[in-house]
Structures are given as C-alpha cells and as structure tokens.
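Got your viewer open and a cartoon view ready? Let's take a walk through this one, stop by stop.

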Amino acid sequence: MKLSELVEKEIVNIRNGDVLGYITDLKIDTCSGKICCIYVTEAKNFLTLKSCKCLDIPWSSICKIGKDAILVDFCH
C-alpha cells in the first residue's frame, strides 16, 4: 500500500468510535525499515489549521486497515 492511499483514510479509535483525523506523517526505523508510528492531525483542526494537535500513534496500535478507514486502539 502506498502512503498516498493511507493519508486518504480516516483514523478511527475503536475504544470510543471517535474519528481522530488523518495521517500527516510516518516515523520509520532506518535500521529495520519498519514503520514505528503514524502522526495524525486531529480531525477537528485538520481543515482550519488552527493550533493543530498532532497525535503520535504507535504502529502496534493499528488494528485494521480498511477500504475507507484505519482502526486503532489508542488511549490519549
């Protein structure tokens, strides 16, 4: 899957059903080449760009990557 495909998907927290936002960046371990975490800009500030809060979600918190959304188990 391409990064361009991932950034189009909403990030949904399975703990409470909240839409957290969209992927804005990735952190990759340069030694292993594996993704460590995704950076998500909160949905409520994504379009306004007003004091956007960025969430750092570990890759291990991703439960499922679906057609339209990415489900995460994340407590913040």
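What follows is a tour that starts with the whole chain, moves through the sheet and ends on a few side chains.

**Stop 1: the whole chain**

Keep in mind as you click around that this is a predicted model. Colour by secondary structure and you should find 2 helices and 6 strands. Follow the chain from the N terminus and the elements come in the order α-β-β-β-α-β-β-β. Now switch on a surface: the accessible area is about 5,200 Å², with 53% of that belonging to carbon and sulfur atoms. Of the 76 residues, 30% count as buried. If you like contact maps, take the contacts between residues at least 6 apart in sequence: 31% of those join residues at least 24 apart.

**Stop 2: the sheet**

Select the strands and hide the rest. In what order do the 6 strands lie in the sheet? Reading across, you get S4-S3-S2-S1-S6-S5, in an open sheet with mixed pairing. Look along it and you can follow the twist, which averages 35° from one strand to the next.

Go to the edges next. Strand S4 (54-58) and strand S5 (62-65) each have a single partner strand, so one side of each has no neighbour in the sheet.

**Stop 3: the S2-S3 hairpin**

Select 19-28 for strand S2 and 35-42 for strand S3. The two run antiparallel and are joined by 7 bridges. For a landmark, pick Gly21 and look across to Glu42 in S3, which stands opposite. Then slide along to the turn: this is a hairpin with 6 residues between the strands, and Gly33 in that turn has a positive phi of about 80°.

While the hairpin is up, show side chains along a strand. In a regular strand they alternate between the two faces of the sheet.

**Stop 4: out to S4**

Add residues 54-58, which make up strand S4. S3 and S4 pair in the antiparallel sense over 5 bridges. Click Val40 and then Leu55 in S4, its bridge partner.

**Stop 5: the parallel pair**

Now select 10-13 for strand S1 and 69-72 for strand S6. Parallel or antiparallel? S1 and S6 pair in the parallel sense, over 4 bridges. Val12 is a handy marker here, with Leu71 as its bridge partner in S6.

**Stop 6: the salt bridge**

Stay in this area and show the side chains of Asp73 and Arg15. They meet in a salt bridge, 2.6 Å from N to O, and the count for the model comes to 1 salt bridge. Asp73 sits in the segment after strand S6, Arg15 in the loop between strand S1 and strand S2, and the two are 58 residues apart. How covered are they? Asp73 is partly exposed, with a relative accessible area of 32%, while Arg15 is exposed at 53%.

**Stop 7: the cysteines**

Last selection: the cysteine sulfurs. How many disulfides are there? The count comes to 0. Cys31 is in no disulfide, and its nearest cysteine sulfur, that of Cys36, is 9.8 Å away. Cys36 is in no disulfide either: the nearest cysteine sulfur there is that of Cys37, 6.3 Å away. With a cut-off of 2.5 Å between sulfurs, neither of those distances qualifies. Turn the surface back on to compare their cover: Cys31 counts as exposed at 76% relative accessibility, and Cys36 as partly exposed at 33%.

Terms used: Residues numbered from 1 in each chain as written. Predicted model: local features only at pLDDT ≥ 70, side-chain atom pairs only at ≥ 80, totals over all residues. Heavy atoms only, no water. Buried < 20%, exposed > 50% of the residue type's maximum accessible area, 1.4 Å probe, protein only. Salt bridge = Lys/Arg side-chain N within 4 Å of Asp/Glu carboxyl O. Pairing = 2+ DSSP bridges. Axes fitted to C-alpha atoms, helices over the stretch in contact; angles between N-to-C directions. Contact = heavy atoms within 4.5 Å. Areas by Shrake-Rupley, 256 points an atom, 1.4 Å probe, with all protein chains shown as cover.
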